[in-house]
Amino acid sequence: MTTATLPFHADTVGSYLRTQPLKEARAKFAAAEISREQLTEIEDQEIAKLVQAQLNAGIKVITDGEFRRAFWHIDFLENLNGIEGYQPEHGYKFNGVETKPYNTQCCGKVSWNPNHPFIEHFKKLKDIVDERGIVKYTIPSPNQLMYPIQWDTGIYASRAEFAKDVQQAYKDAIQAFYDAGCRYLQFDDVYWGSLCNNYLKPEFEADKAQALENIQVVLADKPADMLITTHVCRGNFRSTYLLSGAYDPIADALFAKTNYDGYFLEYDDERSGGFEPLKYFAENPHKGKVVLGLISSKFPQLESKDSIKARIAEAAKYVPLEQLCLSPQCGFASTEEGNIMSEAQQWMKVRYVEEIAKEVWGEK
């Protein structure tokens with residue numbers, strides 16, 4: 001496996017709709033009706049079924065669907081040293097709907113937790129997949145801790161000081177995943193999406209500079225045979241969104257200067273703007289692949305195949321076709337509640353990505 005072949009021309013972001021047995025087990029665990037061990041056993045069983053479902057759909061890159069998490073990001077962050085989960089008065093306010101109230105905050109000096117549960121979660125997934133596919137594991141970007149509500153709790157004198165410890169924690173996390181056998185890691189990042197939305201705010205340039213620094217420092221020492229991609233998101237909860245904004249304000253930093261091996265970008269509707277910001281990839285000596293999220297994971301209706309192909313051709317004006325890939329615009333369940341569609345509709349979308357990619361790039 002090399003960075004020349006991954007991401008594949010057909011790829012996925014990572015999360016999948018939670019199955020009914022898994023939902024029931026998590027509800028029973030929350031009600032203290034089953035033990036943690038019993039829940040873990042059911043999670044193992046459902047992830048094994050999910051792996052087979054991905055293989056049946058023709059997917060080459062396999063994830064655990066984030067089946068062991070309630071949120072795409074909080075479960076990872078609250079298991080770092082110095083970060084804790086807590087219950088605020090309100091949840092995240094999406095377009096017309098609000099998540100359950102739960103978030104993270106700094107409670108001490110931040111560092112990598114050598115007993116972080118995600119390492120064992122990865123190892124279990126790797127064992128389940130074995131030689132049948134390539135395992136990708138998803139974690140939130142270090143930028144997810146850069147919001148004032150996350151870091152400004154009196155522990156650190158400045159965000160810059162806080163960021164240094166976060167950067168080291170993530171460098172240690174990358175090494176821990178690598179040592180566990182991970183060769184394909186993905187940073188999910190709503191922070192860049194929030195910058196697209198908030199580019200007129202006075203703190204925008206400082207926020208962008210800090211976000212760029214975080215990524216460059218964290219990726220600087222990654223092992224040469226480890227692939228690290230990112231997914232830039234504008235929020236995904238119950239088929240709705242949190243943010244809007246084209247990539248233009250961040251393109252000079254994210255696209256031209258970061259050393260990711262792949263960029264999963266939302267392009268499913270007008271909220272993401274046009275493809276012109278992709279021109280900045282020509283300035284990036286690292287030359288990562290661009291994964292166009294043209295297929296919506298929010299709604300079950302299949303997009304017009306001709307329109308998707310036309311948009312890929314349009315993007316190819318800025319990035320060579322061989323450097324482009326196709327995926328759903330986000331995961332299907334960024335939180336355990338999931339988007340509003342059936343599992344059958346989810347797999348129809350996934351197979352559609354594979355089908356279109358085969359027609360555009362000739363992949364078998």
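This passage describes an open sheet and a pocket in a predicted model.

The sheet contains 6 strands in the order β7-β8-β9-β10-β11-β12, and their pairing is parallel. Its edges are formed by β7 (137-140) and β12 (324-328), each of which pairs on one side only. From one strand to the next, the twist averages 25°. As a helpful reminder, strands of a sheet pair through backbone hydrogen bonds, either parallel or antiparallel.

At the β7 edge, 4 bridges join this strand to β8 (residues 184-189), and the two run parallel. Within this pairing, I139 stands opposite F187 in β8. In a regular strand the side chains alternate between the two faces of the sheet. Along β7, Y137 and I139 point one way, while T138 and P140 point the other way. These four residues are all buried.

At the β12 edge, the partner strand is β11 (residues 289-295), paired with β12 in the parallel sense over 5 bridges. Here V290 has L324 of β12 as its bridge partner. Helix α11 (residues 343-361) lies across both β11 and β12, and runs at about 165° to β12.

Turning to the pocket, the second largest one holds about 630 Å³ of space. Its lining comprises 25 residues, and those nearest the centre are R26, R36, R68, A70 and D75. Two or more lining residues come from each of α1 (20-30), α2 (36-56), α3 (74-77) and α4 (117-129). By residue class, the lining of this pocket divides into 12 charged, 10 nonpolar and 3 polar residues.

Conventions:
Residues numbered from 1 in each chain as written. Predicted model: local features only at pLDDT ≥ 70, side-chain atom pairs only at ≥ 80, totals over all residues. Heavy atoms only, no water. Pairing = 2+ DSSP bridges. Axes fitted to C-alpha atoms, helices over the stretch in contact; angles between N-to-C directions. Contact = heavy atoms within 4.5 Å. Buried < 20%, exposed > 50% of the residue type's maximum accessible area, 1.4 Å probe, protein only. 1 Å grid on protein atoms, 1.4 Å probe; cavity = no way out; pocket = protein on both sides within 12 Å on 5 of 7 lines; lining within 4 Å. Points joined across faces, edges and corners; volume = space filled by probe spheres on them. Nonpolar A, V, L, I, M, F, W, Y, C, P; charged D, E, K, R; others polar.
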